[in-house]
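Biologist: I am new to this structure. Can you take me through it in short steps?

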Amino acid sequence: MKKLIVFVILFFISLNVYAVDVPACTDSEMTRLKEIANNVKFKTNYEIIEASEENHEIEVFYNIEIVNFDKNLKIHYTSKYDTEEEIIKSNTSKISNMLDGDSVTFKIYSYTTNLCTDEILKTVTVKLPSVNPYYYFNKEKCDNNPNFKYCKEFMDFDADFDTIDKEFEEFLNPSNNNSSGSNEHNNKNNVILWVISGVVLIILVSITTFIIIKKKKNDDL
């Protein structure tokens, strides 16, 4: 019984010592930690792992580089495709093999030896845009024609390459479309001109006939 009492006393003494030894969380410390968190940057780049020009398909993976990841911080992150939370510390500088089209949410926490630890400091969402396979397989002509609507490096893509190629030809040669439209316009104008000419001719013939008949009647009188 005495041993138990001694153990309990020592336990509470150790708690008190721990409470005394751990520095308090001050406003200045929280300000410092938030400044450190604000310096963290997430840089993205992607790799084409596999490409099939025949099928017009590409397999893309993103890497996210974490810059200024301080030892006083830790990061929890989840993604649109994987909602299970992962925790990383400052010894991790890069996250690999993320899918394009994904969206990753990073929550930056304090990770200190004082009572400010485990406080959320900042939340950042990094979007990994879908890479456009048409751009990938047609880089040269797209770089020369950046205004063509399918020549964006990043875009949600759901189209047929043959159809796009036809649109691209029309984009390059708008005069063909204009000339076609111009021909139709000219044809319509010609039809209208012939109709007007016919009406005028009929009117002239009618007037001439009327004058001749009237003159003939006057001569008979």
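Biologist: Which side chain does the side chain of N114 join in a polar contact of 2.6 Å?

Modeller: Bear in mind that this is a predicted model. N114 sits in the loop between strand 6 (103-110) and strand 7 (120-127). Its side chain reaches the backbone nitrogen of C116 at 2.8 Å. The polar contact of 2.6 Å joins it to the side chain of T112.

Biologist: Is N114 buried or exposed?

Modeller: Set aside neighbours within four places in sequence, and N114 is in contact with V22, P23, A24 and E29. The cut-off for buried is under 20% relative accessible area. N114 has 12%, so the residue is buried.

Biologist: With which residue does E29 form a salt bridge?

Modeller: Side chains of opposite charge can pair when their charged atoms come close. For E29, the closest N and O atoms of the pair are 2.9 Å apart. Both partners lie in helix 2, three residues apart, about one turn of the helix. E29 is buried at 14%, while its partner is partly exposed at 33%. That partner is R32.

Biologist: How many residues apart are K74 and D118?

Modeller: K74 and D118 form a salt bridge, with the closest N and O atoms 2.7 Å apart. The pair links distant parts of the chain: K74 is in strand 3, and D118 is in the loop between strand 6 and strand 7. K74 counts as buried at 12%, whereas D118 is partly exposed at 44%. Along the chain, K74 and D118 are 44 residues apart.

Biologist: Where does K149 lie, given that its side chain meets E167 in a salt bridge?

Modeller: The N to O distance in this salt bridge is 3.3 Å. E167 lies in helix 5, and the two residues are 18 residues apart. K149 is partly exposed at 46%, and E167 is partly exposed at 26%. K149 lies in the loop between helix 4 (139-144) and helix 5.

Biologist: How many salt bridges does a search of the whole structure find?

Modeller: E29 with R32 is one pair. K74 with D118 is another, and K149 with E167 also pair. The search of the whole structure finds four.

Biologist: Which strand gives the most to the largest nonpolar core?

Modeller: The largest nonpolar core has 38 residues, and F42, I66, L73, I75, F106 and Y134 have the most contacts inside it. Several elements each supply at least two residues, including helix 2 (27-38), strand 3 (73-79) and helix 5 (161-172). The most, five residues, comes from strand 2.

Biologist: Is I203 buried or partly exposed?

Modeller: I203 lies in helix 6 (residues 174-220). Together with V195, V199, I207, F210 and I211, I203 makes a nonpolar surface patch of about 570 Å². Partly exposed runs from 20% to 50%. I203 has 44% relative accessibility, so this residue is partly exposed.

Biologist: What share of the residues of the protein chain count as buried?

Modeller: The protein chain has six helices and seven strands. Its accessible surface comes to about 15900 Å², and 54% of that belongs to carbon and sulfur atoms. Of its 221 residues, the share that count as buried is 26%.

Key:
Residues are numbered from 1 along each chain as its sequence is written. This is a predicted model: local features need pLDDT of at least 70, side-chain atom pairs count only at pLDDT 80 or more; totals for chains, interfaces and linings use all residues. Side-chain values use heavy atoms; hydrogens and water are left out. Helices (H or I, at least four residues) and strands (E, at least two) are DSSP runs, numbered from the N terminus. Buried means under 20% relative accessible area, exposed over 50%, partly exposed in between (1.4 Å probe, protein chains only). A polar contact is a pair of N or O atoms within 3.5 Å; within protein, one must be able to donate a hydrogen and the other to accept it, and residues adjacent in sequence count only if both atoms are side-chain atoms. Contact means heavy atoms within 4.5 Å. Patches are made of residues with over 30% relative accessible area and no salt bridge: like charges are joined within 9 Å, nonpolar side chains (Val, Leu, Ile, Met, Phe, Trp, Tyr) within 5 Å. Accessible areas come from the Shrake-Rupley method with a 1.4 Å probe; for residues, only the protein chains shown count as cover. A nonpolar core is a set of buried Ala, Val, Leu, Ile, Met, Phe, Trp, Tyr and Cys residues joined through side-chain atoms within 4.5 Å.
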